[in-house]
Amino acid sequence: MSTDGEPFVVAVVGATATGKSDLGIALAQLLDGEVVSADASQLYRGMDIGTAKVPLAQRHGIAHHQIDVLDVTDEATIAGYQRHARADVDAVLARGRVPVVVGGSGLYVRALLDHLDLPPTDPDVRQRLEERADAEGTTALLAELRELDPVAAAAIEPNNTRRIVRALEVIELTGRPFSATMPTRQALRPTVFVGLRVDREALDRRIERRTRQMFASGLVEEARGLVGAGLREGRTASRAVGYAQALAVIDGSMSVEEAEADTALRTRRLVRRQESWFGADPRIGWFDPTEPDLVDRVARTIEDAASTARRVRCDDEPHG
């Protein structure tokens, strides 16, 4: 889709288990588009069951980007994702097609679509902070962050050691608050944001069903196969919800039933954070994925946005 030559990007966002992948594929079919994933865990090759990756046969010939691009030993970074995913979007547009960004990793979505200059990194500083986190505990570093940057501290999950370390690293390297580097809600190019939202109780039931299905479909066996590829050594892959629990089953520290329960619990917590993140973005138009005419309604919204953009540009052009 375009507005008289000006390309549009479509973003399908929302919490886990709301049906984003299916809608993204349907829209790509309708709009002659290609999917660009914004899911941090789907970057990893071999992590299929636990990330609800759409099997190749079910993608209906739609090209997918930023899926299966990292080994489980690689560390997923915002900077790396931003660089490669933006190149993918540019390439899709250059082919005259519509990029359909699909994902629930909020910062990845923003890093791809919005103005966001990433602050520098220093492995020595980060290692020192990580060693402090191991020795003193995450709580101590969070207390320090609250003193230095209360806005960032309030926005980061209290047990997210990696993000807390990153915030302190940026503060030390730049002398500026980490919160000053957060992305603005200003898109790089015209973008239609579509959000999927399900009633809380219904979504919790979806999560329970999906979690049971993942373990029944062989999540533990998949994780066991990835151990040989270095899953345990992967800093980010090994911590992904579902895989951390599958590793605990392999180690004998959890039963399958306990792993299922813990995975569902941590997924619900993730969903609450996703809802908070996306719910604060006024650009997103929300839809109920259970409605039978979902694709048609979303398509009309996209067309309306294109028409509005055309009218605005025409009104702004000088008239002789």
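In the predicted model, six strands form an open sheet in the order β5-β4-β6-β3-β7-β8, and their pairing is parallel. The edges of the sheet are taken by β5 (64–65) and β8 (284–287). Each of these two strands has a single partner, so one side of each is left without a neighbour in the sheet. Further in, β3 and β7 (residues 191–196) run parallel and are joined by six bridges. Valine 10 is placed opposite valine 192 of β7.

Helix α2 lies across four strands, namely β3, β4 (33–37), β5 and β6 (98–103). Its direction relative to β4 is about 175 degrees. Tyrosine 81 falls within the span of α2 (78–94). Apart from neighbours within four places in sequence, tyrosine 81 is in contact with Val36, Ser37, Ala38, Leu43, Gln66, Arg86, Tyr108 and Leu112.

The largest nonpolar core comprises 41 residues. Within this core, the residues with the most contacts are Met47, Tyr81, Val101, Leu112, Leu113, Leu231 and Tyr243. Two or more residues are contributed by each of β3 (9–14), α2, α3, α8 (200–216), α9, α10 and α11 (256–279). The greatest contribution, six residues, is that of α3. A second core, separate from this one, has 22 residues, among them Leu23, Val54, Ile302 and Ala306.

Helix α3 spans residues 106–113 and is mostly covered, with eight of its eight residues buried. The buried residues of α3 are Gly106, Leu107, Tyr108, Val109, Arg110, Ala111, Leu112 and Leu113. Of these, Leu112 and Leu113 are listed among the residues with the most contacts inside the largest core. Tyr108 and Leu112 are also contacts of tyrosine 81.

Serine 238 is located in the loop between α9 (219–227) and α10 (243–251). The relative accessible area of serine 238 is 13%. Serine 238 is therefore classed as buried, the cut-off being under 20%. The side chain of serine 238 reaches the backbone oxygen of glycine 234 at 2.5 Å. When neighbours within four places in sequence are left aside, the contacts of serine 238 are Leu231, Arg232, Tyr243, Ala244 and Leu247. Two of these residues, Leu231 and Tyr243, are among those with the most contacts inside the largest nonpolar core.

Methods:
Residues are numbered from 1 along each chain as its sequence is written. This is a predicted model: local features need pLDDT of at least 70, side-chain atom pairs count only at pLDDT 80 or more; totals for chains, interfaces and linings use all residues. Side-chain values use heavy atoms; hydrogens and water are left out. Buried means under 20% relative accessible area, exposed over 50%, partly exposed in between (1.4 Å probe, protein chains only). A polar contact is a pair of N or O atoms within 3.5 Å; within protein, one must be able to donate a hydrogen and the other to accept it, and residues adjacent in sequence count only if both atoms are side-chain atoms. Contact means heavy atoms within 4.5 Å. A nonpolar core is a set of buried Ala, Val, Leu, Ile, Met, Phe, Trp, Tyr and Cys residues joined through side-chain atoms within 4.5 Å. Two strands pair if DSSP finds at least two bridges between them. Axes are lines fitted to C-alpha atoms, for helices over the stretch in contact, and angles run from 0 to 180 degrees between N-to-C directions.
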